[in-house]
Amino acid sequence: MKRETKLTQQEQEQLAAGQQQTQSSSAQEFTSVEAMLRHDALHTPVPPSIAHRLEESVSQLPPAPARGWWRRFFGG
Amino acid sequence: MNSIVSEPLAERECPDEPHAGLGSSEFAELYTEHSRAIFYLCLRLLSDPEKAEDATHDVFLKAFRKMDQFRGESSWRTWLYRIAINHCRNLQAAWHERHMLTNADEAIWETTPARTDSPLRVLETKELGQRIQKALDGLPPEYRLLLLLVADEQLSYEQVGALTDQSADAVRGKLHRARKAFAVLFQKTT
């Protein structure tokens, strides 16, 4: 037996359409764990401070020593 | 190969991008290309944004110091991942933060019906990261690392195997159990 409702047919259709739209805009489905992780990685920003700290750290490093001829000769 | 973890270099020229300030050196390009993947791996392995930030800095600094030792036997990505994995393992050992699982914990996903074939649904995007972290934290470290590496489309099963000291077949075999364990734990985070 069909449940009685105070809404008209048109109102019911509008309500259903609205619910469907809300669901599709807020719910996300992932077909695999990997897909979920990829999505998460893509939406996880890298803090810009890392690049600035790296720039400082790199600038404080001593210049790399020239490789000795014996290392060039023997490899390593 | 197209990867969702990293974006093409050509699309990363705006000043707000992560490499801002590093200059246009080869190293800056390396950072631009791989910093997202390395930061994400560190974040999910260490479960702490600040530690992940420090770790990412340290990983790239190590890479900078050792760039002349890179022989091209692996990809830059694989090389950086190896540095990151070792660095995170050392940090975890030093901090005594290993999450050792009891047999009872493991039994949770051993006895729970597998639902890896059904889609994983989330309602709020902002909660996704927190739920993923909770689920990953409940996994044995090996499963956690495997899932994170396999999710990177730039890595083949062979490369994941090389990074985790096992064969590609072993990776494939363990992935099934890792996926199932993750799905069970993820569904418990609701």
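**A buried glycine, and the helices of chain B**

Let me begin with one residue, Gly138(B), which counts as buried because 21 other C-beta atoms lie within 10 Å; a residue is called buried if 20 or more other C-beta atoms lie within 10 Å of its own, exposed if 12 or fewer, and partly exposed in between, with the C-beta atoms placed from the backbone. I should say at once that this is a predicted model, in which local features need pLDDT of at least 70 and side-chain atom pairs count only at pLDDT 80 or more, while totals for chains, interfaces and linings use all residues. Residues are numbered from 1 along each chain as its sequence is written, and chains are lettered from A and ligands numbered from 1 in the order in which they are written.

Gly138(B) sits in the loop that joins helix H5 (125–137) to helix H6 (141–150) of chain B; helices here are DSSP runs of H or I with at least four residues, strands are runs of E with at least two, and both are numbered from the N terminus. Its C-alpha atom is 7.0 Å from that of Leu185(B), although the two positions lie 47 residues apart along the chain, counted as their separation.

Stepping back to the whole of chain B, we find eight helices and one strand, in the order α-α-α-α-β-α-α-α-α along the sequence. Of its 190 residues, 36% count as buried. If we take the contacts in chain B with a separation of 6 or more, 67% of them join residues 24 or more positions apart, a contact being a pair of residues whose C-beta atoms, placed from the backbone, lie within 7 Å.

Chain A, for its part, has four helices and one strand, arranged as α-β-α-α-α, and 13% of its 76 residues are buried.

Now to the packing of helices in chain B, starting with H1 (residues 26–46) and H3 (residues 76–95), whose axes come within 10 Å and cross at roughly 30°. Because angles under 35 degrees count as roughly parallel, over 145 as roughly antiparallel, 65 to 115 as roughly perpendicular and the rest as oblique, H1(B) is roughly parallel to H3(B). The axes are lines fitted to C-alpha atoms, for helices over the stretch in contact, and the angles run from 0 to 180 degrees between N-to-C directions. The contact includes Leu30(B), His34(B) and Leu41(B) of H1(B), and Trp76(B), Tyr81(B) and Leu91(B) of H3(B). By class, this contact has 13 nonpolar, one polar and one charged residues, where Ala, Val, Leu, Ile, Met, Phe, Trp, Tyr, Cys and Pro count as nonpolar, Asp, Glu, Lys and Arg as charged, and the others, Gly among them, as polar.

Which residues of H3(B) are buried? They are Arg77(B), Trp79(B), Leu80(B), Tyr81(B), Ala84(B), His87(B) and Cys88(B), and these buried residues pack against H1, helix H2 (49–66), H6 and helix H7 (157–163) of chain B. Arg89(B) also lies in H3, but with 14 C-beta neighbours inside 10 Å it counts as partly exposed; its C-alpha atom is 9.1 Å from that of Leu46(B), which is 43 residues away along the chain.

H1(B) also packs on H2(B), at an angle of about 140° and with the axes 9 Å apart, which makes H1(B) oblique to H2(B). Among the residues in that contact are Phe27(B), Tyr31(B) and Phe39(B) from H1(B), and Pro49(B), Val59(B) and Phe64(B) from H2(B); they divide into 13 nonpolar, two polar and one charged. In the loop between H1 and H2 we meet Ser47(B), which has a positive phi of about 60° although it is not a glycine, and which is partly exposed, with 16 other C-beta atoms within 10 Å.

The last pair brings us back to H6(B), which packs with helix H8 (residues 168–187) of chain B at an angle of about 105°, the axes being 9 Å apart, so that H6(B) is roughly perpendicular to H8(B). Tyr143(B), Leu146(B), Leu147(B) and Val150(B) make the contact from H6(B), and Val171(B), Lys174(B), Leu175(B), Ala178(B), Ala181(B) and Phe182(B) from H8(B), which gives nine nonpolar, no polar and one charged.

Finally, Asp165(B), in the loop between H7 and H8, has a phi near 55°, a positive value in a residue other than glycine. Is Asp165(B) buried or exposed? It is exposed, because only 7 other C-beta atoms lie within 10 Å.

Technical notes. Two residues are in contact if their C-beta atoms, placed from the backbone, lie within 7 Å.
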